[in-house]
Every structure is written in C-alpha cells, then in structure tokens.
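Trainee: I'd like to learn how to read the empty space inside a protein model. Could you walk me through it?

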Amino acid sequence: MWTFRRTFSTMLDNQLRLRLRPFEIGDWSASAVIVAPHPDDETLGCGGVAAKKIASGAQVRFVFVTDGAASHRHLMHPETLRATREAEAIEAVRRLGASSESVTFLRLPDGAANHHLHEITDAVVSRLNSWRPQCVFVNHAKDPTSDHVAVNAAVRAALRAYGRPVTVFEYPVWYWYHWPWTSLWGDLPNMWRVTLRQTIKTAAGLRAPFTLNSLAYVGDVIGVKREALAAHASQMQRLENQDEWRTLSDLSGGDFVGRLLADYEMFTRYEINI
C-alpha cells in the first residue's frame, strides 16, 4: 500500500534530482580511490559510479578499512567471517568490473576504527602517494555509525597530509537510515534508536538538498550494482537454518536497500588542496 511516507520520500527525491549538480563528462574517466569502512559499503554507496568508471577505462582502486568480522559475531567465528567477507569483497569488485589487484584490505577490527585513526590515515596517505588519484570516494561525514565517522575523519586527515589537489566525493550509506526513507520504528531490535536520531539530525530528510550537492545517474548499470551487492552474500542472504542471521534486506522491510539501489547515487562533492 502506498503511504504518506513513500509519497513524501518521492517528493524529496524529486527535489534532490532537480537541485543537485549532475556528474560532468570528465568525472566518469577520472581515476579514483574508493575507501570503504566495511566490505559492502563500496557497492552500497557508489557501486554504480564505480562500475561506470571502470567501464569507461578509468583506474579505480578499493581500500577496505575494517574486516567486517563483527556483523554476525555471535553466529560465525570471527576468523571465518573475516575470510568470508574478504572473498565477497573481491567478488563484488570483480562484478563491478575490476580485478583483485585493485583491492587493498587494511584488516582493522570491525567496530573499532576509532581506535586506529592514525593507522588509517597513514595507510591512506601511503596509497595516495603511490596511486595519485584524481578523485577519492569516502563514506559521508554524516553517516552515523562509529566506524563510518572514524573512517571519514581519518581519510580527511590523510587528504590534508597528502597535499595534492583531489576531488572528494562523500557517499552516504547509513545517512539514509531515517524517515521517510525507512519506517520510523524499523524491524530489528534497537534500530529504532538509530532511525529516530538520524531523522532528527536530518530534519526528516529536509536537510538533504543542503547536505548533498552532486548526482550521478546509474540506472543504466543498476543490474551490475545489484549483482555486486549480491556478492556480499553474508550481508544479503540468510544462512540455512540460521533464523537469527540478519541481512540488509531485513532493515525497514527492504526499504533501506531499495534506497541504495536507486537509479541515482548522490554525494557531497568538494575540492581539497587547491
């Protein structure tokens, strides 16, 4: 049934598409480094842009900061989950069109990125100096989870230390976990707190047109993005005989994933070190 929430989110989405600046032709061929707090953030936040860049011949590299081993820590041994998520990330990147050689794992503990800020910063500076990308993609500063906050802060510090001009695209992931994009009370225990806090911070989505400023059409590669996200099977599929195994599709009845699989990816874009 179509609800007021969905009507309101559609209205907001239309406003965003009208207000945000579309990608320029040169953006699609610019070399890039995509920094992801966890395996799957790269696809959720900017998988469509990554796929189109790679298809256009651009050099795209991926840096995964944490090992993702805390997502189902009570249901799978951390070492097994760590290896599983790395393999999934490599397959997701392959489905986006890149090779395993484009992937770097920092293997920091999931949920503890804030205790490794200097390590993340140093690792990113080292890669930037080696790769000299034209642009860097990192999760949005307004993503609410602790790992995302820490990774954004560390990458910003790395970019300042790097010192060379770079175009930065901050991609929202958990930023979208609020009404009207998701239901206010959510489907999982305690997630309503995240939803409520984020709804208040974003003024129920009304601040999005002033937070985001860049728009990329990815509807022509949405099938590729879906396939890449499906490669993160531990996050997208419930294991057999594991009723407690939660997936991203459990969040708000699938509305959260649906939002991140829209025909447009949105960013906050800015230049640094100019």
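Mentor: Sure. Keep in mind that this is a predicted model. Let's start with what surrounds the hole: by class, the lining of the largest cavity has 6 nonpolar, 1 polar and 3 charged residues.

Trainee: How does one find such a space, and how many cavities of 30 Å³ or more are there?

Mentor: The general idea is that rolling a probe the size of a water molecule over the atoms shows where empty space is left. Here, the structure holds 1 cavity of 30 Å³ or more. The volume of the largest cavity comes out at about 90 Å³.

Trainee: Which residues line the largest cavity?

Mentor: Look for Leu44, Gly45, Pro172, Trp176, Lys225, Arg259, Leu260, Tyr264, Glu265 and Met266. Helix 3 (41–55), helix 11 (255–260) and strand 8 (264–272) each bring at least two residues to that lining. Strand 8 gives the largest share, 3 residues.

Trainee: Now for a helix. Which residues of helix 7 are buried?

Mentor: Take buried as under 20% relative accessible area. In helix 7 (residues 191–201), that picks out Met191, Val194, Thr195, Gln198 and Thr199. Viewed down the axis of helix 7, these buried residues fall within an arc of 125 degrees, so they line one face of the helix.

Trainee: What does the face turned away from the buried side carry?

Mentor: On helix 7, that face has the exposed residues Ile200 and Lys201.

Trainee: And what phi does Ala203 take, just after helix 7?

Mentor: Ala203 has a positive phi there, about 55 degrees.

Terms used: Residues numbered from 1 in each chain as written. Predicted model: local features only at pLDDT ≥ 70, side-chain atom pairs only at ≥ 80, totals over all residues. Heavy atoms only, no water. 1 Å grid on protein atoms, 1.4 Å probe; cavity = no way out; pocket = protein on both sides within 12 Å on 5 of 7 lines; lining within 4 Å. Points joined across faces, edges and corners; volume = space filled by probe spheres on them. Helix = DSSP H or I, 4+ residues; strand = E, 2+ residues; numbered from the N terminus. Nonpolar A, V, L, I, M, F, W, Y, C, P; charged D, E, K, R; others polar. Buried < 20%, exposed > 50% of the residue type's maximum accessible area, 1.4 Å probe, protein only. Arc of directions from axis to C-beta.
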